[in-house]
4 protein chains.
Amino acid sequence: MSSTARGASSQIAESLKHRVTDGVYAPGTKLPSESALCAEFGVTRNTMRRALSALEKAGLVVTIPGTGRTVRDPDGPTRPSPP
Amino acid sequence: MSSTARGASSQIAESLKHRVTDGVYAPGTKLPSESALCAEFGVTRNTMRRALSALEKAGLVVTIPGTGRTVRDPDGPTRPSPP
Amino acid sequence: MSSTARGASSQIAESLKHRVTDGVYAPGTKLPSESALCAEFGVTRNTMRRALSALEKAGLVVTIPGTGRTVRDPDGPTRPSPP
Amino acid sequence: MSSTARGASSQIAESLKHRVTDGVYAPGTKLPSESALCAEFGVTRNTMRRALSALEKAGLVVTIPGTGRTVRDPDGPTRPSPP
DNA sequence: GTGGTCTAGACCACT
DNA sequence: GTGGTCTAGACCACG
């Protein structure tokens with residue numbers, strides 16, 4: 001069992017974060033749609049949206065209504081001022 | 001060609017109106033979902049929603065967000081102003 | 001008094017087991033919700049959940065979070081090791 | 001119509017914020033339960049919880065799982081270093 | 001055809 | 001008996 005999160009959405013969020021970290025979802029590319037992810041993980045949209053909200057709150061993805069979600073480039077234009 | 005409507009949504013609207021008129025969709029019952037109707041008529045949601053808007057504008061159905069559409073009872077309590 | 005159980009939850013568990021055994025709750029059908037059963041037996045959720053846990057531990061029902069409880073088919077595909 | 005928010009939960013959030021601002025819900029007192037507010041506003045728990053999340057995000061209330069929500073005292077102990 | 005919001009109702013964990 | 005999370009499915013607004 002995971003020792004840090006309880007509930008489906010939290011565990012899914014962890015999985016998705018790893019995919020971004022590991023480059024499975026590369027910066028600048030689009031994530032699969034909510035529907036596709038729901039089908040893959042076998043959960044409802046409500047649950048998946050909760051997981052994706054965590055990714056967005058963590059700054060890993062950006063959401064564009066009507067279009068989809070894109071993996072943020074950590075060296076991209078939204079980063080304010082690296083040393 | 002039809003003599004009363006030319007766009008796809010208008011023709012679908014006419015079909016659906018007949019179904020209400022003919023009692024295929026009885027007063028007080030729910031219409032099939034947008035998805036189901038899209039599949040049946042082979043059109044996109046945008047088109048179907050335009051058709052359904054016509055039904056609502058004509059006072060044949062009422063739309064309940066998050067629930068669906070219901071056929072209005074023409075003798076029901078919600079009729080605003082009969083002549 | 002009952003001769004097999006003494007706590008409220010145990011007595012309720014016995015009642016529910018009989019309902020499954022007697023086919024009042026048929027295999028494959030859903031049990032009433034926790035709320036409904038609480039109302040019927042006049043107990044709190046904690047008590048009822050303890051009773052239902054006994055049913056699940058006895059392999060009579062399966063619990064599906066967010067959906068409800070279903071009576072297990074003793075001859076169904078989920079049976080682990082028939083002779 | 002409101003000019004700043006669209007959707008039931010946003011409008012309910014505004015109403016509840018006013019109640020806190022106007023002292024209808026006084027600092028240190030408990031808010032009505034989710035169920036009670038759902039009944040009053042005629043929405044589902046999902047929708048009400050979205051509205052209440054907005055109050056919490058705005059720092060107007062604190063949520064204690066298993067207990068309820070309490071109106072934050074703006075001069076209370078969480079305020080850092082008053083004169 | 002995406003994400004955004006809502007309905008309706010369930011079980012779960014903790015107080 | 002509260003808040004927390006989940007299932008299942010609908011309609012809505014925008015691109």
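Ala, Val, Leu, Ile, Met, Phe, Trp, Tyr, Cys and Pro count as nonpolar, Asp, Glu, Lys and Arg as charged, and the others, Gly among them, as polar. Keep that sorting at hand for the exercises below.

This is a predicted model, in which local features need pLDDT of at least 70, side-chain atom pairs count only at pLDDT 80 or more, and totals for chains, interfaces and linings use all residues. Residues are numbered from 1 along each chain as its sequence is written, chains are lettered from A and ligands numbered from 1 in the order in which they are written, and side-chain values use heavy atoms, with hydrogens and water left out.

**Exercise 1. Warm up with chain A**

Task: Find how many helices and strands chain A has, and in which pattern they follow the sequence.

Solution:
- Step 1. Helices (H or I, at least four residues) and strands (E, at least two) are DSSP runs, numbered from the N terminus.
- Step 2. Chain A holds three helices and two strands.
- Step 3. Along the sequence, the pattern reads α-α-α-β-β.
- Step 4. Buried means under 20% relative accessible area, exposed over 50%, and partly exposed in between (1.4 Å probe, protein chains only). By that rule, 25% of the 83 residues of chain A are buried.

**Exercise 2. Who surrounds DNA strand E?**

Task: Describe the protein surface near DNA strand E, and sort its residues into nonpolar, polar and charged.

Solution:
- Step 1. A residue is near a strand if one of its heavy atoms lies within 4 Å of it. For DNA strand E, 37 residues surround the strand, and the closest are A:R45, A:R49, C:R49, D:A8 and D:T47. Of the strand's atoms that come within 4 Å of the protein, 68% belong to sugar and phosphate.
- Step 2. Sorting the surface gives six nonpolar, 21 polar and ten charged residues.
- Step 3. Look for the biggest contributor: α3(D) supplies the largest share, four residues.
- Step 4. Now zoom in on atom pairs, using polar contacts (pairs of N or O atoms within 3.5 Å; within protein, one must be able to donate a hydrogen and the other to accept it, and residues adjacent in sequence count only if both atoms are side-chain atoms). A polar side-chain atom of A:R45 sits 2.7 Å from a base nitrogen of DNA strand E. For A:R69, a polar side-chain atom is 3.3 Å from a phosphate oxygen of the strand. In D:T47, an N or O atom of the side chain is 2.5 Å from a phosphate oxygen.

**Exercise 3. Repeat for DNA strand F**

Task: Work out which residues are closest to DNA strand F, and which helix gives the most to the surface near it.

Solution:
- Step 1. DNA strand F is surrounded by 35 residues, the closest being A:G7, A:A8, A:T47, B:R49 and D:R45.
- Step 2. With four residues, α3(A) gives the most to this surface.
- Step 3. The surface divides into six nonpolar, 19 polar and ten charged residues.
- Step 4. A polar backbone atom of B:G66 is 3.3 Å from a base nitrogen of DNA strand F. Phosphate oxygens of the strand lie 3.0 Å from a polar backbone atom of D:E34 and 3.2 Å from a polar side-chain atom of D:R69.

**Exercise 4. One side of a helix**

Task: Explain why the buried residues of α2(C) lie on the same side of the helix.

Solution:
- Step 1. In α2(C), residues 34-41, the buried residues are C:E34, C:L37 and C:C38.
- Step 2. They cover an arc of only 105° around the axis (the arc of the directions from the helix axis to the C-beta atoms), which puts them on the same side of α2(C).
- Step 3. An α-helix has 3.6 residues a turn, so residues three or four places apart point the same way.
- Step 4. Contact means heavy atoms within 4.5 Å. The buried residues of α2(C) pack against α1, α3 and β2 of chain C.

**Exercise 5. A hairpin in chain C**

Task: Trace how β1(C) and β2(C) pair.

Solution:
- Step 1. Two strands pair if DSSP finds at least two bridges between them. Here β1(C) and β2(C) pair in the antiparallel sense over four bridges.
- Step 2. C:V62 has C:T70 as its bridge partner in β2(C).
- Step 3. Three residues lie between the strands of this hairpin, and C:G66 takes a positive phi near 80°.

**Exercise 6. Buried or exposed?**

Task: Decide whether D:R19 is buried or exposed.

Solution:
- Step 1. D:R19 is in helix α1 of chain D.
- Step 2. D:R19 is buried because its relative accessible area is 19%.
- Step 3. The side chains of D:R19 and D:Y25 are joined by a polar contact of 2.6 Å.
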